[in-house]
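Biologist: I'm new to this one and would like a close look at a single part of it. Could you walk me through the salt bridges?

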Amino acid sequence: MTRVAFQGEKGAYSEEAIHQFFGSEVQTQPCRRLEDLFAAVESGIADYAALPVENSTAGSINRAYDLLLDHDTRIWGEAILRVRHALLAPPGTPLSNIRRVRSHPQALAQCEHYLSNHDWVPDSAYDTAGSARDLSTAPEPGVAVIASRLAGQLYGLEELAYGIEDSFYNYTRFFILSNQEPARTEQNKTSVVFTVRNVPGALHACLGEFAERGIDLTKIESRPRRDRPWQYVFYLDFEGHWQDPRCAEALMGLLLRAAFVKVLGSYPAAVMPDQ
């Protein structure tokens with residue numbers, strides 16, 4: 001059975017993304033830290049890992065990108081999960097009895113209008129799925145949690161409402177990590193990280209290698225270099241596979257112009273999930 005590691009407790013949104021990508025017949029392995037995902041794949045404990053890299057409302061997860069630079073684990077695939085929050089409570093709890101709602105601060109913030117409309121007090125906790133597990137183990141009168149639908153099913157909580165997030169366009173993007181290279185498909189995406197030389201127009205020249213070949217850049221972001229203050233690394237996603245002739249030429253041009261280049265992987269591009 002395919003083994004896939006994720007960060008968080010059982011029932012986390014990362015586990016939902018795994019089921020969406022691989023199907024239900026998969027063995028999921030929770031890890032405490034993002035670093036542990038790389039260790040699980042590198043050691044062979046897991047075949048794959050689901051690494052969250054950015055959210056459409058909260059932005060990039062900087063630690064994830066730093067770890068991609070530090071490790072040689074490859075990006076094998078891409079998954080996009082529409083995050084839908086569920087209001088969960090112990091079975092038999094009427095909605096009228098709810099007074100406090102517990103969850104991770106980000107989940108509470110994403111459901112702020114819903115909570116305000118019901119005049120419920122938000123109660124911060126360390127984790128969404130962990131909040132569901134703890135409430136199942138030790139029910140509290142008047143307390144509900146915000147977590148995934150999967151968490152409610154795993155921990156035997158009743159779903160009082162679903163889709164309570166304020167923004168309809170709440171998506172999280174995941175990289176599927178592996179030690180292997182994925183098969184080349186018709187719609188691919190490539191991720192690289194590079195640094196530029198300290199000369200005028202260096203970044204413009206690097207990006208020009210893609211522009212002059214008509215290659216679409218889907219993401220570019222800078223991060224501080226941890227070993228050199230006030231210098232930066234650039235993370236770049238573009239459409240295509242590194243073996244495509246135009247992409248191979250652009251990467252060769254980038255190698256000649258940049259100070260450092262690392263290809264993180266070429267992988268099948270994800271399709272946006274149904275609304």
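Biologist: Let me start with one residue: which residue forms a salt bridge with Arg184, and how far apart are the closest N and O atoms?

Modeller: Happy to, and keep in mind that we're looking at a predicted model. The partner of Arg184 is Asp244, and the closest N and O atoms in that salt bridge are 2.3 Å apart. Arg184 sits in the loop between E11 and strand E12 (188–196), while Asp244 sits in the loop between E14 and H9, so this pair ties together parts that are 60 residues apart in sequence. As for how covered the two ends are, Arg184 is partly exposed, at 44% relative accessible area. Asp244 is partly exposed too, with a value of 21%; the cut-off for calling a residue buried is under 20%, so Asp244 doesn't count as buried.

Now hop over to the strands E11 and E14 themselves. Arg173 in strand E11 (residues 171–178) pairs up with Asp237 in strand E14 (residues 232–239), and these two are 64 residues apart along the chain. Their side chains meet in a salt bridge at 2.8 Å, N to O. Here the picture is a buried one: Arg173 has a relative accessible area of 8%, and Asp237 counts as buried at 4%. This pair also belongs to a network of salt bridges, in which Arg173 and Asp237 are linked with Glu54, Glu78, Lys189, Lys219 and Glu221.

There's another pair worth finding on your screen. Arg102 makes a salt bridge with Glu140, with 2.9 Å between the closest N and O atoms. It links distant parts of the chain as well: Arg102 is in strand E7 (residues 100–103), and Glu140 is in the loop between helix H6 (128–137) and strand E9 (143–147), 38 residues away. The two ends get mixed labels, since Arg102 counts as buried at 15% relative accessibility, whereas Glu140 is partly exposed at 31%. If you're wondering about the total, the count for this model comes to 27 salt bridges.

To finish, go back to H9, the helix we met beside the loop that holds Asp244. Helix H9 covers residues 245–257, and Met252 is found there. Together with Leu255 and Leu256, Met252 forms a nonpolar patch on the surface, and the three have about 330 Å² of accessible area together. Met252 on its own is partly exposed, with a relative accessible area of 49%.

Methods
Residues numbered from 1 in each chain as written. Predicted model: local features only at pLDDT ≥ 70, side-chain atom pairs only at ≥ 80, totals over all residues. Heavy atoms only, no water. Patch = residues over 30% accessible without salt bridge, like charges linked within 9 Å, V, L, I, M, F, W, Y side chains within 5 Å. Areas by Shrake-Rupley, 256 points an atom, 1.4 Å probe, with all protein chains shown as cover. Salt bridge = Lys/Arg side-chain N within 4 Å of Asp/Glu carboxyl O. Helix = DSSP H or I, 4+ residues; strand = E, 2+ residues; numbered from the N terminus. Buried < 20%, exposed > 50% of the residue type's maximum accessible area, 1.4 Å probe, protein only.
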